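These are my notebook entries on a structure I opened today. I set down what I looked up, in the order in which I looked.

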Amino acid sequence: MSRSARIALARPIRRLFDYQVPAHLKLQAGQRVQVPFGRQILTGLVVQPDAQAPDQITLKPITAALEDWPALPPETLQLLTWAATYYQHPLGECLFMALPPALRRGRPAQRRQESWWQANPRGQAELSPNARRQRSLLNWLQSHAGAHSSAEIIAAGFTRAQLNGLRDKGLIEETSQDRMAPRKADELKTLPPLSPAQLIALKEIPTPEQGFSAALLYGITGSGKTEIYLHYLKNHLQDKQQALVLVPEINLTPQTVARFRTYLGNRIAVWHSSLNDSERLDTWLRVRQGEPVLVIGTRSAVMLPFTNLATIVVDEEHDSSYKQGEGFRYSGRDLAVYRASLNQCPVVLGSATPSLESLHNARTGKYSLIRLEERAGSAVPPEIRLLDVRSRPLEGGLSTPAIQAIRDCLAAGKQALVFVNRRGYAPVMMCFDCGHMIECPRCDTRLTYHRRDRAMRCHHCDFQAAATDQCPKCKSEAFKPVGQGTERTEDVLGQAFPETPVVRVDRDSTQRKGSIQAIINKVASGEPCILVGTQMLAKGHDFPNVTLVVVVNADGGLFSVDFRAPEQMIQTLLQVSGRAGRGVVPGRVLIQTCHSDHPMMSSMSKGNYLPLADQLLQEREASLFPPFRAMAMVRAEAPSMADSLAFLDAAKTQVTEPAIEVWGPLPAVMARRADRHRAQLVLVCHSRSRLNRALGQLCESLDSQRQSKSLRWQVDVDPVETS
Ligand code: ADP
Ligand code: ZN
Ligand code: ZN
């Protein structure tokens, strides 16, 4: 009898494919193979190396094995197999997500030859005075002990030509990477000592020897969580071990990576979406080959093929960017916890504003709770004041007390940060004669006015039109922007403070590579300036000279239909407030609101997250929302709302598990997006496993039905966005 194997292909179908195994091949689960598929040869991954060959069917043979070792080691394979079932996503697509693009395409698993450089202690040549850049590169290499890869050197702002110039003069030398290995501990900078409170927190973090356990590190903004992670890793990570530090968006926090490099050296590797294919392959192979790397990465780093993982840290664990918003809708944070249990290692979830899910796990004893409630160094928590702006005149969205506070802050030689929750100039253009507002022709939303580009843009599809000075309907000239966007606030502040640089930070101003780094450098220089920006500014930055934070409008989440909106609002406000007063001068926060008497607002102004979060948890419990019940959504979209609703109505009848409550179907809050009509069904159940089983059956049955080609549907387990 011939042998057969079950192979996963990168196809959006919930099934595996059987192939015959040629006699000379010895296969292992997780191995890459080539298989015939129609007229093509595809890359596949072995899921089951010795399957029972179905009778009476002649299988096509596997063409070749690409390596004689499994690309996906056992824990990675197990993690993704579990995730495919949990998130109801086709296994083939999940497994291929864990390969770098080059390996998905069947390319060889070989590292590009990387050059490594170090200063030559015997170098004698004189540099001519006009070789300024070469001199500064030489200084850089001399002051950064050990060897550095070309990639790292170029990332620090130098060029290959400068490297070659110095090499030709014998001032630096190329070394093989093996010789440099991780730098010796004594060549690295020593960490500054921790405060007594930080030390207590550090001692409570479970160590790798203890095996699996999860800890929630609740440390207020500026409490020095990064320093704790650094000490933790330095103390507990052995020379041969690997570690993973997940961060929400690495591009926004290049300083964090730099800090890790300073203290932990060359074993630091980064993993994020702006790496190119060969960088991805290199890092992936370093991990797979068991090098003792410490990976700092965004959510997909949780799928890297670690073989010797000692510990996982998830920083800013509340951040919604850990949840993938399309396709394989996994949560990087939740997979990290599962991965830690598979690898029998600890996982630390850190945040100043923990998610209600994690807090609940801590309150029920599933995670340990470590509390760090004082700021590091001499910094103290900022004073938060609510400014009711209902009856105050606003100048471009800013009240007189806010402008005055900025003036005082600048006069003291400090920096101010102004938070606006919308990019662009204004969220609406409105005619004051006929009331007309410009809407997106393809979505149920208004177009945002972008004054810099004279454009009207939809933030939900790619629609864009030229801005006009007249009402397109009645031709009136009384056609004006309404509401605040970052561009408008930038203009208003530029006029009010003509002497001071105003720096805007939003998705539009940071599109070019390196622009966020330039902004950070500018702010880090400490010169007085005003930062204006969106959520991007709330994320983990450490700007010691910012002493004032102004929130232009805080009320977004108070009356939203999304059950997560209050939680997210508090998290954003406290995170952005936490940028104030991280240095020696105490910080102040002014929050402009129209609802200063709202109980949530007034308790927020005490700056204390846990009591607020506990109260939100009680509300969730009373209404049996997550984390008190498991939730999943089935979303559908079609060219007509009737089709979407009809599809979901039919799906609803197929959910027969009595323990599941089904809500809907209902049109989504933004019912039409990019000309597709969207509706949703919400499923809740006290039992995660029953919900999972029912979803599996539902997907299977929906897969087998014939549907109109224009209808698309998907399942979202533990949805973060529910509106
Ligand atoms: P968090 O991430 O908890 O908000 P950070 O890790 O960014 O805080 O630290 C806040 C600031 O405090 C940083 O500038 C950091 O260098 C400083 N800091 C941290 N620990 C100490 C310490 N033990 N002594 C002095 N300064 C510290
Ligand atoms: Zn008009
Ligand atoms: Zn649109």
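Entry 1. The model is a predicted one. I began with helix 16, residues 515–524, and found that it lies across strand 19 (415–419), strand 25 and strand 26. I noted that helix 16 runs at about 140° to strand 25.

Entry 2. I then followed strand 25 to its partner. Strand 26 covers residues 530–533, and four bridges join it to strand 25. The two strands run parallel. For a point of reference within this pair, I recorded that Val503 stands opposite Leu531 in strand 26.

Entry 3. I next asked in what order the strands of the sheet are arranged. Six strands form an open sheet, and the order I wrote down is 16-28-27-19-26-25. The pairing is parallel. Strand 16 (383–388) and strand 25 (502–505) stand at the edges; each has a single partner strand, so one side of each is left without a neighbour in the sheet. From one strand to the next, the twist averages 20°. As a general reminder to myself, strands of a sheet pair through backbone hydrogen bonds, either parallel or antiparallel.

Entry 4. I turned to the metals, starting with the zinc ion (ligand 2). Which residues coordinate this ion? I found Cys431, Cys434, Cys471 and Cys474, each through SG, at 2.3 to 2.4 Å. The angles among the four donor atoms are 105 to 114°, and the site is tetrahedral. Along the chain, the donors follow the spacing C-x2-C-x36-C-x2-C.

Entry 5. I checked two of these donors for accessibility: is Cys471 buried or exposed? Its relative accessibility is 1%, and Cys471 therefore counts as buried, the cut-off being under 20%. Cys474, at 35% relative accessibility, counts as partly exposed because this value falls between 20% and 50%.

Entry 6. I then examined the zinc ion (ligand 3). Cys440, Cys443, Cys458 and Cys461 coordinate it through their SG atoms, at 2.2 to 2.3 Å. This site is also tetrahedral, with angles of 106 to 114° among its four donor atoms. The spacing of the donors of the zinc ion (ligand 3) reads C-x2-C-x14-C-x2-C.

Entry 7. Within that site I located Cys443 in the loop between strand 20 (428–431) and strand 21 (448–450). Cys458 sits in the loop between strand 22 (455–457) and strand 23 (464–466). The pair is 15 residues apart and links distant parts of the chain. Both Cys443 and Cys458 are buried.

Definitions and conventions:
Residues are numbered from 1 along each chain as its sequence is written. Chains are lettered from A and ligands numbered from 1 in the order in which they are written. This is a predicted model: local features need pLDDT of at least 70, side-chain atom pairs count only at pLDDT 80 or more; totals for chains, interfaces and linings use all residues. Side-chain values use heavy atoms; hydrogens and water are left out. Two strands pair if DSSP finds at least two bridges between them. Axes are lines fitted to C-alpha atoms, for helices over the stretch in contact, and angles run from 0 to 180 degrees between N-to-C directions. Contact means heavy atoms within 4.5 Å. Donors are N, O and S atoms within 2.8 Å of the metal (3.2 Å for Na, K and Ca); water is not among the atoms, so sites may look incomplete. Four donors count as tetrahedral if all angles lie between 85 and 135 degrees; four count as square planar and six as octahedral if opposite donors are over 155 degrees apart and all others between 65 and 115; anything else is irregular. Buried means under 20% relative accessible area, exposed over 50%, partly exposed in between (1.4 Å probe, protein chains only).
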